[in-house]
Amino acid sequence: MIIDTCLTIGVSPMVEFVAEEELEGWLERGGIDVQVVFQPDESFHHETPSWNPFLGNDYIASVQRDFDGRVLGLATVHPWHQAHRAAGSRVFESPALDEIERAIVELGLHGLRMNPIQHNHQFNNAVVTWPLLERLTEVQAKVGRRLMVSVHAYGDSLNNSPDAIAETARRFGDLLFLMQHSAFVWGYGSVSRVAASVDNLLLDLSTMPQRAVVWEAYQRHGPRRFCVGTDGPHGTFEVKQAIVADFARDKTEAELILGGNLADRLALPVIAPTTTHRASA
Amino acid sequence: MSWPVVDSHFHLGVNPLVHVTVDDLWRWMDTGGVDVQMVFQVNEGFVHRTPDWNPYIGNDFIASVQREAPERVIGLGRVNPWHQPPPAAVRRSLRVRALSANPVMDELDRIVGELGLWGLKMHPLETHYQFNNPRIIFPVMERLTALQAEFDRKLVIFIHAAGDTLNNSPEAVADTARRFPELLFIASHCGYKWAVPTVAHTMAAEPNVMLDLTTAAAPGMLRELYEVHGPEKFCSGSDGPFATNRCKDAIVRSLIGDDKQAEALVRGGNLARHFGIGGA
């Protein structure tokens, strides 16, 4: 079962992927059974705005509904849209927490997409990030399905260091963290040591072409700690396959990385390779 | 000539990190000896329109503070440059080609035309864009240039330019400033210590870039720049509420020494001249 962890859908100044027109072909070309999707990090909205129907968590949910069983949608929330918690504060509401509730319970999405560099918050910020994950943990118990937190973990700022991600993943042991890009080339020397041993964290090899950075983790923990995505629409299937081939020592290992691990962790029903396709095409 | 003290840099409003109300601002100015304060929204969580859930963010909030004391406050707007559709030339889908609205352009019109603000605060690190990104930043500058002419008001682009990402490099600031020579760009933090070696031949070399000494706490690194360009190139801010006026004044004095006339220009004269206020 092929589960691809990383496809940005929607329309922003940098991305144009109208799922209604392109997703079916994308799944077919990539041999993908289940695709994880989320909004463009740079232009996300909570609710779909009138000026751009291809943004917002509602849009992600509508695509998930259209491709029932083939798409796992992740929500994006604005981490800074929360109350100030000190005594005497004049702002009490937290739209970010309300949106998590709406996205998971009402819209049926499967977790959060977070980009600590794009949205400028430390992934282990106790005031901003942890309340979101506390709420996500509560909501997970309510809906009874395992939720994911897909983190842009390129190691490209202090905000998304392997240490920060590992610390937060350890604190929220009920959630499943996908460490997207596995810290890229910047995580050399730390990612294998500090992040790979966290049980509820998968190293996501999306666009991570430098095997040396996480090879130590692969040797120590084996293929069970890994998953992969294309990083579409800009990434390619060819690159994804090459990255997996760099790690997997046989077909079984490749299948685990390409989807088996995530299917296990999320307890997804197995999809036969011939199963098709859109529920409401 | 005596000039008002114009402080370039104050964050106003409420988010999980900051809690600063209008009353706090007046106290800040009175105790810090600030005649005119440039203010803008909190960087984290800023929005275009003030929402019901938080009346202390949004450009409407900043405009309301400016209206309360227009002789003491210069308000800057914020826009999220990513809230634009893709440029028409690169759109593929017919449905995407049909997108007609651009909330960023609408908000720029509102900021300058309706709310009476004096330009933009931009933070390429926090909002994560290259300051010379032609898809999203150049259209903003084009519109501001047009608005400046239409409303005959000197605007400023106030940039977090601490050299702390690729997004706000001195080269990127210089590139954009060169392309939009009618706008005044204020490079806040002067590249800090990360970019100082390249500031001189990049953004400082552009005549429409002013170097803002806010929290440039190692002024010895800026001495060469000061000797080349003189006091007219500089302004100063406190970075309140995070830093103090005491630090601001120490930075200015450390760089300038005992030249009172130069100090008056850096502490407010240069900005006052640009905005057409004070000076006697």
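Start with a strand pair in chain A: S9 (residues 201–204) and S10 run in the parallel sense, joined over two bridges. Within that pairing, Asp204(A) sits opposite Cys227(A) of S10(A). Keep in mind that this is a predicted model.

That pair belongs to an open sheet of five strands in chain A, ordered S6-S7-S8-S9-S10 with parallel pairing. S6 (111–114) and S10 (226–227) of chain A are its edge strands, each pairing on one side only. As for what holds such an arrangement together, strands of a sheet pair through backbone hydrogen bonds, either parallel or antiparallel.

Over in chain B, S6 (residues 119–122) and S7 (residues 156–160) also pair in the parallel sense, here over four bridges. To get from S6(B) to S7(B), the chain passes through helix H5 (residues 138–151) of chain B, and this β-α-β crossover is right-handed. Met122(B) is found opposite Ile159(B) of S7(B).

Ile159(B) turns up again in the largest nonpolar core, which has 84 residues; Ile159(B), Val173(B), Phe185(B), Ile186(B) and Ala187(B) have the most contacts inside it. The helix that gives the most to this core is H10 (residues 260–275) of chain B, with five residues. There is also a second, separate core of 81 residues, with Val11(A), Ala19(A), Val34(A) and Phe123(A) included. Back in chain B, and skipping residues up to four places away in sequence, Ala187(B) touches Ile159(B), Ala161(B), Val173(B), Met203(B), Val209(B), Leu211(B) and Asp212(B).

Now for some helices. Which residues of H1 (residues 22–32) in chain B are buried? They are Leu25(B), Trp28(B) and Met29(B). Looking down the axis of H1(B), these buried residues fall within an arc of 90 degrees, so they line one face of the helix. The background is simple: an α-helix has 3.6 residues a turn, so residues three or four places apart point the same way. On the face of H1(B) turned away from the buried side you'll find the exposed residues Asp23(B), Arg27(B), Asp30(B) and Thr31(B). The buried ones pack against S2 (11–14), S3 (19–20), S4 (36–41) and H2 (59–68) of chain B.

In chain A, helix H3 (residues 95–106) has these buried residues: Pro95(A), Ala96(A), Leu97(A), Glu99(A), Ile100(A), Arg102(A), Ala103(A) and Ile104(A). Their cover includes H2 and H4 (129–143) of chain A. Both helices are followed by a glycine with positive phi, as tabulated here.

| Helix | Glycine after it | Phi |
|---|---|---|
| H1(B) | Gly33(B) | positive, about 70 degrees |
| H3(A) | Gly108(A) | positive, near 80 degrees |

One loop residue is worth a look too. Ser43(A) lies in the loop between S4 (34–38) and H2 (57–66) of chain A. Is Ser43(A) buried or exposed? It counts as buried, because it has 27 C-beta neighbours inside 10 Å, and 20 or more are enough for that label. Ser43(A) and Val11(A) are 32 residues apart in sequence, yet their C-alpha atoms are 8.4 Å apart in space. Leaving out neighbours within four places in sequence, Ser43(A) contacts Ser12(A), Leu55(A), Trp82(B) and His83(B).

Those last two contacts are with chain B, which brings us to the interface. Here 27 residues of chain B are in contact with 27 residues of chain A. On the chain B side, that breaks down into 13 nonpolar, eight polar and six charged residues.

Technical notes: Residues numbered from 1 in each chain as written. Chains lettered and ligands numbered in written order. Predicted model: local features only at pLDDT ≥ 70, side-chain atom pairs only at ≥ 80, totals over all residues. Contact = placed C-beta atoms within 7 Å. Nonpolar A, V, L, I, M, F, W, Y, C, P; charged D, E, K, R; others polar. Pairing = 2+ DSSP bridges. Right-handed = clockwise from strand over helix to strand, strands pointing away. Buried ≥ 20, exposed ≤ 12 C-beta atoms within 10 Å, placed from the backbone. Arc of directions from axis to C-beta. Core = buried A, V, L, I, M, F, W, Y, C linked by C-beta atoms within 7 Å.
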